[in-house]
Amino acid sequence: MAQAFNEALSELVRVIQFRDRDRACCHDLSVTQCYALKGVVDEGKMTVNELAAHLYLDKSTASRVANGLVEKEMLEKRRDEQDGRLVHLLPTERGRRVQRAIESDLLAEYAELLEEFDPAFRAAIVKLMRRLRKTFRARVDASGGSCCFVGDRGGSRA
């Protein structure tokens, strides 16, 4: 069963990655920039460290992703009013508009895809996806830089 699950999940992720890549290109963004933009728009503001944890990337990579979005005028950087050492990433109006367009396209695609299933099965799919997300998230090191299994399965950090 584990082998069948692995094959099905791996193929699903691969197909989604290609779909995301093609959709991101339409907006002059990388897939990672799309995920970063969504994170900042959803949260309202983030530090680079928070963005790195959100994307499961190291800080330097998240910083490059954020700087690319700043250059494209989709994010802006603003110093914290209480602690000037902190810099927050905030979505610009252009960034919000692009994120809404991407989200709208995705929702239309998902609505069409889900029409093929009866309502009870749709609800079960959503429940399963949330459960899988929770399970996988609990096993991921969001601090960045880990290349080994995170958990108590005998993996070690390099």
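Mentor: Let's begin with a term: a nonpolar core is a set of buried Ala, Val, Leu, Ile, Met, Phe, Trp, Tyr and Cys residues joined through side-chain atoms within 4.5 Å. Keep in mind that this is a predicted model.

Trainee: Fine. Which residues touch the most other members of the largest nonpolar core?

Mentor: The general idea goes like this: in soluble globular proteins, nonpolar side chains tend to be buried together. Here the largest core has 21 residues, and Leu29, Leu37, Leu51, Leu69 and Leu89 touch the most other members. At least two residues of this core come from each of helix H2 (31–43), helix H3 (48–55), helix H4 (59–71) and helix H5 (93–114).

Trainee: Let me step back to the whole chain. How many helices and strands are there?

Mentor: Six helices and two strands. Going along the sequence, you meet them as α-α-α-α-β-β-α-α. The chain has 158 residues, and 23% of them count as buried. About 11200 Å² is exposed, with carbon and sulfur atoms supplying 55% of that area. If you take contacts between residues at least 6 apart in sequence, 47% join residues at least 24 apart.

Trainee: Back to the core, then. What is Leu69 in contact with, leaving aside its neighbours within four places in sequence?

Mentor: Leu69 contacts Leu29, Gln33, Ala36, Leu37, Met74 and Leu75. Two of the core leucines listed earlier, Leu29 and Leu37, are among those partners.

Trainee: How do I read the packing of H2 and H4?

Mentor: Two packed helices are described by the angle between their axes and the distance between the axes. For H2 and H4 the angle is about 80° and the axes are 10 Å apart. Angles of 65 to 115 degrees count as roughly perpendicular, so H2 is roughly perpendicular to H4. On the H2 side the contact uses Thr32, Gln33, Ala36 and Leu37, while H4 brings Val65, Gly68 and Leu69. Sorted by type, the residues of this contact are four nonpolar, three polar and no charged.

Trainee: What about the loop between H2 and H3: is Met46 buried or exposed there?

Mentor: Met46 sits in that loop, and it counts as buried because its relative accessibility is 5%, with the cut-off for buried at under 20%. Setting aside residues up to four places away in sequence, Met46 touches Gly39, Val40, Leu51, His54, Val87, His88 and Leu89. Met46 and Leu89 are 43 residues apart in sequence, yet their C-alpha atoms are 5.2 Å apart in space. Thr47 lies in the loop between H2 and H3 too and is buried, at a relative accessible area of 12%. Beyond its neighbours within four places in sequence, Thr47 contacts Leu86, Val87, His88 and Leu89.

Trainee: Which helix holds Arg122, and what does Arg122 contact outside its sequence neighbours within four places?

Mentor: Arg122 is in helix H6 (residues 119–138). Its contacts, on that count, are Leu114, Glu115 and Phe117. With a relative accessible area of 30%, Arg122 is partly exposed.

Trainee: One on the backbone: where in the chain is Asp28, with its positive phi?

Mentor: Asp28 is in the loop between helix H1 (2–25) and H2. Its phi is near 60°, a positive value in a residue other than glycine. Asp28 counts as exposed, at 54% relative accessibility. Glu73 has a positive phi of about 60° as well, although it is not a glycine. You'll find Glu73 in the loop between H4 and strand S1 (75–79), and at 55% relative accessibility Glu73 counts as exposed.

Terms used: Residues are numbered from 1 along each chain as its sequence is written. This is a predicted model: local features need pLDDT of at least 70, side-chain atom pairs count only at pLDDT 80 or more; totals for chains, interfaces and linings use all residues. Side-chain values use heavy atoms; hydrogens and water are left out. Buried means under 20% relative accessible area, exposed over 50%, partly exposed in between (1.4 Å probe, protein chains only). Contact means heavy atoms within 4.5 Å. Accessible areas come from the Shrake-Rupley method with a 1.4 Å probe; for residues, only the protein chains shown count as cover. Axes are lines fitted to C-alpha atoms, for helices over the stretch in contact, and angles run from 0 to 180 degrees between N-to-C directions. Angles under 35 degrees count as roughly parallel, over 145 as roughly antiparallel, 65 to 115 as roughly perpendicular and the rest as oblique. Ala, Val, Leu, Ile, Met, Phe, Trp, Tyr, Cys and Pro count as nonpolar, Asp, Glu, Lys and Arg as charged, and the others, Gly among them, as polar.
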